[in-house]
Amino acid sequence: MINIPKGTKDVLPADAYKWQYVEGVARETAKLYNLKEIRTPVFEHTELFLRGVGDTTDIVTKEMYTFRDKGDRSITLKPEGTAGAARSFIENGLGNGVLPAKMYYITPAFRYERPQAGRLREFHQFGVEVFGAKGADADAEVISLADSLLKRLGLKVKLRINSIGCPSCRAAYNKALKEYFAPHLDGLCYDCKARFEKNPLRLLDCKEEECRKINAQAPSILDYLCPECAEHFEALKAYLALAGIEYEIDPRIVRGLDYYTRTVFEFVSDDIGAQGTVCGGGRYDGLIGELGGAPAPAVGFAAGIERLLLVMESTGVKIPEEEKPLVYFAGMDAECRKKAFALTIALRHAGIYAETDHMERSIKAQFKYADKIGAKYVAVIGGNELQEGAMNVKCMASSESEKVDFSSAAEYFRKKKGE
Ligand code: HAM
């Protein structure tokens with residue numbers, strides 16, 4: 001037998017409604033905030049992620065699914081959605097259109113990580129990107145969208161915010177980080193030694209226990225913000241207050257991608273263990289320019305759909321059940337089953353959720369099956385009914401029955417649907 005690849009999961013037919021529910025709420029929330037959907041390819045030129053996500057990040061150095069295609073191009077399965085959306089924004093000249101350009105996506109993403117609960121190699125993101133607005137009100141709007149989504153899904157999570165400044169204040173901070181970490185270099189992991197040279201901010205993102213201990217006392221970026229970045233952060237706090245959103249400031253948040261400037265944030269749940277970050281994002285004012293576009297400010301976030309579902313499950317959030325068939329047509333014998341088949345198809349044409357037997361079951365077994373799939377009514381067709389041109393419709397909840405002409409079946413069930 002061929003098994004599913006490590007770190008991937010099937011969504012089985014019986015569970016798909018949960019995904020549809022979360023995705024539906026995400027789409028509705030995006031609409032309330034006036035966002036339109038963008039769909040970009042699952043794979044892109046590798047170069048996009050090297051330049052976009054950053055060549056000192058774990059994602060780029062360790063986790064990308066990269067291969068050469070038959071034309072000898074280096075191709076990478078998208079590890080996240082922002083770089084593709086940014087590429088598309090530039091390539092399609094969206095910056096010349098109506099700004100801000102507000103968009104969302106629901107996409108699979110691929111990272112070669114060590115799988116565990118809430119951490120997969122193929123996972124799915126609901127992501128939001130807003131291009132063209134530089135003010136902190138745009139940051140607050142994006143955070144508010146995430147907050148609305150999480151509340152509508154019934155999740156209790158904490159918002160943590162931080163500012164990681166701009167390249168100019170980051171230079172002073174990097175210097176301070178280097179001074180702090182220099183005496184601890186021997187205690188750092190192999191990767192962090194390289195990070196120390198190339199991108200000291202990444203040191204704060206290390207997941208190794210020893211490095212984390214050393215990180216705990218590192219200087220705070222908030223003490224190094226330039227006046228403009230500090231002002232932006234103050235404005236963000238004021239807008240979050242206007243939106244009625246509670247938050248904690250966490251100067252440890254640096255995020256695992258290189259494109260962020262100023263605002264970064266995460267929504268974290270205490271209910272699913274180590275992988276509690278259900279949603280993360282921030283501002284990335286340098287990315288569009290970095291990718292060769294006319295510089296444009298941008299802000300966004302992405303939420304992991306598997307993690308949202310995990311938190312919902314572990315906190316007992318009830319997902320509305322799937323709609324059940326309105327009517328099941330049961331036939332006593334082969335001839336009657338043909339009539340049941342024809343009526344089922346006719347009712348479906350009329351927009352009624354109907355089902356019938358395809359397993360040559362006995363009438364008793366058909367009733368059992370109808371009950372199992374939750375049909376509200378069972379319409380029974382026997383020899384007499386065939387002759388009369390009417391069927392016996394039984395309400396499964398009340399056990400009451402009534403005779404309904406075949407010819408008025410669609411009308412009858414349309415009325416029942418509305419009840
Ligand atoms: P990220 O923090 O790398 O940000 O991922 C966003 C979310 O995707 C995480 O909070 C988590 O819920 C989910 N996620 C990430 N990796 C995995 C995994 N291996 N398995 C399951 N879920 C995972 C980004 O991807 C940015 N593009 C977000 C963004 C958009 N920033 C600005 N715009």
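The largest cavity is lined by T56, T57, D58, R195, R202, D205, C206 and G256, a cavity being a set of points, on a 1 Å grid over the protein atoms alone, where a 1.4 Å probe fits but cannot get out, with lining residues having an atom within 4 Å of a point. The model is predicted, so that local features need pLDDT of at least 70 and side-chain atom pairs count only at pLDDT 80 or more, while totals for chains, interfaces and linings use all residues. Residues are numbered from 1 along each chain, and side-chain values use heavy atoms, without hydrogens and water. By class, this lining comprises 1 nonpolar, 3 polar and 4 charged residues; Asp, Glu, Lys and Arg count as charged, Ala, Val, Leu, Ile, Met, Phe, Trp, Tyr, Cys and Pro as nonpolar, and the others, Gly among them, as polar.

The largest nonpolar core (buried Ala, Val, Leu, Ile, Met, Phe, Trp, Tyr and Cys residues joined through side-chain atoms within 4.5 Å; buried means under 20% relative accessible area with a 1.4 Å probe, protein chains only) has 93 residues. Those with the most contacts inside this core are F126, F131, F181, F267 and F301. Helix α5 (residues 136-152) contributes the largest share, 9 residues, helices being DSSP runs of H or I of at least four residues, numbered from the N terminus. Apart from this core lies another, of 20 residues, including A340, A354, I381 and V404.

Beyond its neighbours within four places in sequence, F301 is in contact (heavy atoms within 4.5 Å) with residues including F126, V142, L145 and F265.

Definitions and conventions
On a 1 Å grid over the protein atoms alone, a cavity is a set of points where a 1.4 Å probe fits but cannot get out, and a pocket is an open set with protein on both sides within 12 Å along at least five of seven lines; lining residues have an atom within 4 Å of a point. Buried means under 20% relative accessible area, exposed over 50%, partly exposed in between (1.4 Å probe, protein chains only). Helices (H or I, at least four residues) and strands (E, at least two) are DSSP runs, numbered from the N terminus.
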